2 protein chains.
Amino acid sequence: MRYDERTEMMVLDDDDSWRLLESAEVVRIAVAVPGDVEIFPVNTVVDEHTLVFRTAEGTKLAALAMSGRVTVEADGQTPGGQEAWSVVVKGDAELLESFPEIYRAEELPLRCSHPGHKGRWVRVRPRDIQGRQFTQGDTRHAAG
Amino acid sequence: MRYDERTEMMVLDDDDSWRLLESAEVVRIAVAVPGDVEIFPVNTVVDEHTLVFRTAEGTKLAALAMSGRVTVEADGQTPGGQEAWSVVVKGDAELLESFPEIYRAEELPLRCSHPGHKGRWVRVRPRDIQGRQFTQGDTRHAAG
């Protein structure tokens, strides 16, 4: 962890960033589509420095498949709420197609809060992970 | 509110979506940049069906200014935690440049949890807002 004077935030090392990602109940997957960006909140599980989630056939999957490149974001507060953190992963999404890959994914402790049928597994392999953390203060606009 | 059979979610009407956006402490702004998507968690305030936030000069602002088009996402749980919701706004971001616009923004009750200096105001004018809500169940992968 080191302090970044320009952003006035702590820059987290990769292990801390992965630990926080693991703690996140919901992350957001953003995908560029022509002229636009789609964002989907999903439940993910961390598996050996990759992110795995399920999805249904349909819009989300179509957008992912069109692009391959995704950005994943999670944020939250440390217990007690004094520190806020955010982690952004840029990576490549791939549909799991082979039986060994799918069997492995089925064994992961993925919590899925939405009851809808989600027949496909996706794994995001990171190219880059960046974590930030800062002490929260309620600096209303006057302080900015 | 109406039920969407395909996604197995409730589709929220715009007023409910704005109300939920107002309740969100943190939203995420996603911007497409060449070959990538940037996501930033920010504190926003709703002002007459637009979203207003502050930012510092630098990377985030540069990305926004390059694009103009942004996607904003917020999600959360209803009190009690039985229902999860998400709202996605697609819109156009504009830096506030005129004194009347900036004075107006300064009067908004924006909570800013990050203490860093944020000298610029941005307003997002929505082109589209979509809200979803669903009853949460911990359907571990076996149920999918």
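The questions and answers below concern a predicted model and the contact between its chain A and chain B.

Visitor: How many residues does the contact take from chain A and from chain B?
Guide: The area buried between chain A and chain B is about 4000 Å², and carbon and sulfur atoms give 45% of that area. Counted by residue, the contact takes 51 residues from chain A, and from chain B 51 residues.

Visitor: How many salt bridges does the rule find across the interface of chain A and chain B?
Guide: One pair that meets in a salt bridge is Lys90(B) with Glu38(A), whose side chains come to 2.7 Å, N to O. That value falls within the 4 Å allowed between a side-chain nitrogen of Lys or Arg and a carboxyl oxygen of Asp or Glu. Over the interface of chain A and chain B, the number of salt bridges found by the rule is 8.

Visitor: How do the residues on the side of chain A that touches chain B divide into nonpolar, polar and charged?
Guide: Between chain A and chain B there are 8 residue pairs in polar contact, counted where both residues are at pLDDT 80 or more. On the side of chain A that touches chain B, at least two residues each come from strand S3 (27–33), strand S4 (36–42), strand S7 (69–77), strand S8 (83–95) and strand S9 (120–135) of chain A. The residues of that side of chain A divide into 16 nonpolar, 17 polar and 18 charged.

Visitor: Which residue of chain A has the C-alpha nearest the axis?
Guide: A turn of 180° with a shift of 0.0 Å along the axis lays chain A on chain B with an RMSD of 0.0 Å. The two copies are therefore related as by a two-fold rotation axis. In chain A, the C-alpha nearest that axis lies 3.0 Å from it and belongs to Ala32(A).

Visitor: What percentage of the contact residues of chain A recur in chain B?
Guide: The two copies are related as by a two-fold rotation axis. The same surface serves both copies, and the share of the contact residues of chain A that recur in chain B is 100%.

Visitor: Is Glu48(A) buried or exposed?
Guide: Glu48(A) sits in the loop between strand S5 (44–47) and strand S6 (50–55) of chain A, and its phi is near 50°, a positive value in a residue other than glycine. Its relative accessibility is 67%, and the class of exposed residues begins over 50%. Glu48(A) therefore counts as exposed.

Visitor: What does His49(A) count as at 40% relative accessibility?
Guide: His49(A) also lies in the loop between S5 and S6 of chain A, with a positive phi near 60° in a residue other than glycine. Because its relative accessibility is 40%, His49(A) counts as partly exposed.

Notes
Residues are numbered from 1 along each chain as its sequence is written. Chains are lettered from A and ligands numbered from 1 in the order in which they are written. This is a predicted model: local features need pLDDT of at least 70, side-chain atom pairs count only at pLDDT 80 or more; totals for chains, interfaces and linings use all residues. Side-chain values use heavy atoms; hydrogens and water are left out. Contact means heavy atoms within 4.5 Å. Buried area is the accessible area (1.4 Å probe) that two parts lose on being put together, summed over both. A polar contact is a pair of N or O atoms within 3.5 Å; within protein, one must be able to donate a hydrogen and the other to accept it, and residues adjacent in sequence count only if both atoms are side-chain atoms. Helices (H or I, at least four residues) and strands (E, at least two) are DSSP runs, numbered from the N terminus. Ala, Val, Leu, Ile, Met, Phe, Trp, Tyr, Cys and Pro count as nonpolar, Asp, Glu, Lys and Arg as charged, and the others, Gly among them, as polar. Copies are superposed by least squares on the C-alpha atoms of residues with pLDDT of at least 70 in both. Buried means under 20% relative accessible area, exposed over 50%, partly exposed in between (1.4 Å probe, protein chains only).
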